[in-house]
Amino acid sequence: MNKIKIFSPATVANVSCGFDVLGFCLDSIGDEMVIRKVDKKGIAITRIEGFDLPFEAELNVAGVSALAMYNSLDLSFGFEIEIYKNIKPGSGIGSSAASAVGSVFGMNELLGRPFSKTQLTEFAIKGEALASKCEHADNLAPALFGGFTLVKSVSPLKILEIPSPDDLYATIIHPQIEIKTSESRAVLPKEVPLSDAIEQWANLGSLVHALHTSDYELISHSLRDVIIEPYRSQLIPYFDNVKEAVLNVGALGAGISGSGPSIFSLSKGLDTANKVKDAMHDVYSKTDIAFDIHVSKINANGVKIIN
């Protein structure tokens, strides 16, 4: 096999109480990429559609992760990458992670899968760092592993796969404004009160337990962020309005997706997820900000080969 086409999914990171460690994978939106083996050595990005991104491999997230993997090998051939970008950069649903994951996944498939998913994540981290100015894997891990994942540590990299209830759905609204990860990190406090830290890690622990036991009520009580959300939510127009509206129609909880501006909500059942969609629409339709809304089941498989 000399050519492969893949779907690299969007993801939601942090999931309220799991800053920089927790994430889950979506199935309704993602990038498509074509990777092919070529005689010329090196990594070349030959086509980009959707958004204006650099063609130079060392300046492109997908190229940087691909180079990290390629340079670890001694190959007599190279790879060309085509990127069909459907996830807007800076949207808060793992745009850079989808790029970083897609290239290394496709190359690994063409090479006969010499690397594990954890090893692929280590390569992809190099690309993610280009976009966010730091190495983190909370978007990368769910994109590669699927479902919910917890990044136990980055050095050494340890990723835990977490099961999720069968009837759990996500609704995400993406206001068409841009908040860069690096900018959203700048508003965060350098220190937090011990009482807030205790509450936060209690919420994270109970959320992980709730996902394991399919306890929807506990999921709802755990989706609370007392450390990050109070600061980052100020960067997102009408965040409080959206959160109040979705809770009023039965959402389990809501929070900032990644670094924003996207807002995610989790619901039990597709009917409720669609009610949440309508509630989000009602809030933003009264503003002058363009927006997209996605309803998605939790994607248990992650990045995949497509025809």
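1. Let's start with helix 9, which spans residues 239-248 and lies across strand 8 and strand 9. Relative to strand 8, helix 9 runs at about 160°. Please keep in mind as you read on that this is a predicted model.

2. Now to the sheet behind that contact. Strand 8 and strand 9 belong to an open sheet of 4 strands, ordered 8-9-7-10 and paired in the antiparallel sense. The edges are formed by strand 8 (253-256) and strand 10 (291-297), each of which pairs on one side only. From one strand to the next, the twist averages 20°.

3. Within this sheet, a pairing to look at is that of strand 7 (residues 168-175) with strand 9 (residues 263-268), antiparallel and running over 6 bridges. If you would like a residue to centre your view on, try Thr171: its bridge partner in strand 9 is Ser265.

4. Elsewhere in the chain, have a look at the pair made by helix 1 (residues 61-70) and helix 2 (residues 95-110). These two helices pack at an angle of about 35°, and their axes are 7 Å apart. The crossing of helix 1 and helix 2 is right-handed.

5. Which residues bring helix 1 and helix 2 together? Helix 1 contributes Val61, Ala62, Ser65, Ala66, Met69 and Tyr70. Facing them from helix 2 are Ser96, Ser99, Ala100, Ser103, Val104, Met107 and Asn108. Sorted by class, this contact holds 8 nonpolar and 5 polar residues, with no charged ones.

Conventions:
Residues are numbered from 1 along each chain as its sequence is written. This is a predicted model: local features need pLDDT of at least 70, side-chain atom pairs count only at pLDDT 80 or more; totals for chains, interfaces and linings use all residues. Side-chain values use heavy atoms; hydrogens and water are left out. Two strands pair if DSSP finds at least two bridges between them. Axes are lines fitted to C-alpha atoms, for helices over the stretch in contact, and angles run from 0 to 180 degrees between N-to-C directions. Contact means heavy atoms within 4.5 Å. A crossing is left-handed if the near helix is turned anticlockwise from the far one by less than a right angle, and right-handed if clockwise. Ala, Val, Leu, Ile, Met, Phe, Trp, Tyr, Cys and Pro count as nonpolar, Asp, Glu, Lys and Arg as charged, and the others, Gly among them, as polar.
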